[in-house]
Amino acid sequence: MVENKSQSGIRAKVQRFGSFLSGMIMPNIAAFIAWGIITALFIETGWLPNESLAELVGPMITYLLPLLIGFSGGRIVYGLRGGVVGATATMGVIVGADIPMFLGAMIMGPLGGYAIKQVDKLFENRIRSGFEMLVNNFSAGITGAVLTIIAYLGIGPVVSGITKALGAGVEAMINAGLLPLVNLFIEPAKILFLNNAINHGILSPLAVDQAQQVGKSILFLLETNPGPGLGVLIAFMVFGKGISKQTAPGAAVIHFLGGIHEIYFPYILSKPALVLAVMAGGVSGTATFAAFGAGLTSTPSPGSIFALMALTPKGNFAGVILGVLVATLVSFVVASVILRTSKQDEDDLTEATTRMEAMKGKKSQVSDQLISRKDDEEVTTTDEPVNRDTNEVPSVNEENIDKIIFACDAGMGSSAMGASLLKNKFKKAGIEINVTNMAINDLPADVDIVITHKDLTERAIQKVPEAHHISVDNFLNSPKYDELVNELKKD
């Protein structure tokens, strides 16, 4: 029992670390994609070679992307002030190395945020009135300058050496034909929600360095290949039973086209032996990519087939498409054998979804897509509005409400789906109120209504206690949306 708790604690720490890394990368994915598109189009071997426009590639990968990562890392630790110092400190590792400093930015960004946070604590309640701006600006400036020098002299060269060593190791694996074996670790790690630590902490920085040198990298395809998961879902469509069979088609669409790989995890957990299917699919897909010399120009996020195609450079489409197809076929064959030779329980998927959320440590953004199909007539009754002093709904109307925000951990997945749903309801009802989604940590003080999953409501209340809070069980199917619409329409 002690061993299980220890393992669970270690996994939770790795997951949190992965979430932290993801928090530095995910907000900047659009910039990575922009760089990938420019690279694919304008470099010498691109679709539209242009020597002048190709000059954008180097500065973007050398300066823009690391600085964005450093800023995001510092901001996670200590808001905008931490972001500025984090970006400043990141400049030290950029200039102190001769390769793109993504790993260095992931170190210096949070370190800069932490450093200025401690400096501010040191001066707290010790600044004479009228000198606040002077002390705040110079303390941040001096801290940033010191960290930049340290990064230039020490951290930059060290991280550069580590990156080169890791890159050499990856190149050796590719040359020896062993790279596909990496998927034996990646696929199980995805099911345990360790993919962020692997993808954003190791693969992406190495892949970006390769892409700068040769215009593409196979490493961008290792974790994002939708083929293994798609094969398992198709197997459930053909050989599954009960709710697993019913929900598999919808899950396949969300996974393959929408790029949300998380949705197939419960299917694996319902039959743990199916991990062999995704491992076989991952290995065979990567082997196909390697055989055709395929790669992408940047990180596809989310892992949708559309994202893969958009970032595939000229001459690589056949290899990428075949890699996805081979991974899907192999995964399907192995999963089909497992499903046909093992007993299936109609409640397996629901129980597995619960286990998935327990491992993840929070409500899954896609689990409602699976569980809600079990009983379409069932309506949750535990959703409740939450105010900081009472659980009663305060009077609201369209005149005094300007901003409604759906909030979740990252501000991208479940909150985006909920916001889209409410926008459609408002449009049909003729209500003109701004509805957006964002991370809880970014909630502004002037928000009027905050809608969160019940497990996150307390955090939202602590962030913006003056707002009206609505707590829901299901972002995609809550009766509170219709109640809010009716309340806002009242004269």
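In this predicted model, Asp482 is partly exposed, because its relative accessible area is 40%, between the limits of 20% and 50%. Asp482 is one half of a salt bridge whose other half is Lys425, and the closest N and O atoms of the two residues are 3.0 Å apart. Lys425 belongs to helix α17 (residues 414-429) and Asp482 to helix α19, so this pair ties together parts that are 57 residues apart in sequence. Lys425 also counts as partly exposed, with a relative accessibility of 25%.

## Salt bridges

Side chains of opposite charge can pair when their charged atoms come close. The count of salt bridges in the model comes to four. Three of these pairs are described in this report, among them the contact between Lys425 and Asp482.

Another salt bridge is formed by Arg81 and Asp120, with the closest N and O atoms 2.8 Å apart. Arg81 is placed in helix α3 (residues 57-95) and Asp120 in helix α4, so the pair ties together parts that are 39 residues apart in sequence. Arg81 is partly exposed at 24% relative accessibility, whereas Asp120 counts as buried at 15%.

Helix α19 also holds a salt bridge of its own, in which the side chains of Lys480 and Glu483 meet at 2.9 Å, N to O. These two residues are three positions apart in α19, about one turn of the helix. Lys480 counts as buried, with a relative accessibility of 14%, while Glu483 is partly exposed, with a relative accessible area of 40%.

The table lists these pairs with their N to O distances.

| Basic residue | Acidic residue | N to O distance |
|---|---|---|
| Arg81 | Asp120 | 2.8 Å |
| Lys425 | Asp482 | 3.0 Å |
| Lys480 | Glu483 | 2.9 Å |

## Helix packing around α14

Two packed helices are described by the angle between their axes and the distance between the axes. Helix α14 (residues 317-340) packs with helix α12 (residues 275-292) at an angle of about 155°, and their axes are 7 Å apart. Because angles over 145 degrees are classed in this way, α12 is roughly antiparallel to α14. The crossing in which α12 passes α14 is right-handed.

Helix α14 is also met by helix α9 (residues 227-239), the two axes coming within 7 Å and crossing at roughly 40°. That angle makes α9 oblique to α14. The crossing of α9 and α14 is right-handed.

## Helix α5 and the loop before it

Asn125 is found in the loop between α4 (102-123) and α5. Although Asn125 is not a glycine, its phi is positive, at about 65°. Asn125 is exposed, because its relative accessible area of 77% is over the limit of 50%.

A nonpolar surface patch of about 590 Å² is made by Phe131, Leu134, Phe138, Ile142, Val146 and Ile150. One of these residues, Ile150, is placed in helix α5 (residues 132-175). Ile150 is partly exposed, with a relative accessible area of 44%.

## Buried residues and contacts across the sequence

Where in the model is Gly70 placed? Gly70 lies in helix α3, and its relative accessible area of 0% makes it buried. The C-alpha atoms of Gly70 and Phe102 are separated by 8.6 Å, although the two residues are 32 residues apart along the chain.

Ile451 is part of strand β4 (residues 449-453). At 1% relative accessibility, Ile451 counts as buried. Its C-alpha atom is 8.5 Å from that of Ser415, and 36 residues separate Ile451 and Ser415 along the chain.

Is Asn474 buried or exposed? With a relative accessible area of 9%, Asn474 is buried. Asn474 is located in the loop between β5 (468-472) and α19 (479-489). Asn474 and Thr452 are 22 residues apart in sequence, and their C-alpha atoms are 9.4 Å apart in space.

Key: Residues are numbered from 1 along each chain as its sequence is written. This is a predicted model: local features need pLDDT of at least 70, side-chain atom pairs count only at pLDDT 80 or more; totals for chains, interfaces and linings use all residues. Side-chain values use heavy atoms; hydrogens and water are left out. Patches are made of residues with over 30% relative accessible area and no salt bridge: like charges are joined within 9 Å, nonpolar side chains (Val, Leu, Ile, Met, Phe, Trp, Tyr) within 5 Å. Accessible areas come from the Shrake-Rupley method with a 1.4 Å probe; for residues, only the protein chains shown count as cover. Helices (H or I, at least four residues) and strands (E, at least two) are DSSP runs, numbered from the N terminus. Buried means under 20% relative accessible area, exposed over 50%, partly exposed in between (1.4 Å probe, protein chains only). Axes are lines fitted to C-alpha atoms, for helices over the stretch in contact, and angles run from 0 to 180 degrees between N-to-C directions. Angles under 35 degrees count as roughly parallel, over 145 as roughly antiparallel, 65 to 115 as roughly perpendicular and the rest as oblique. A crossing is left-handed if the near helix is turned anticlockwise from the far one by less than a right angle, and right-handed if clockwise.
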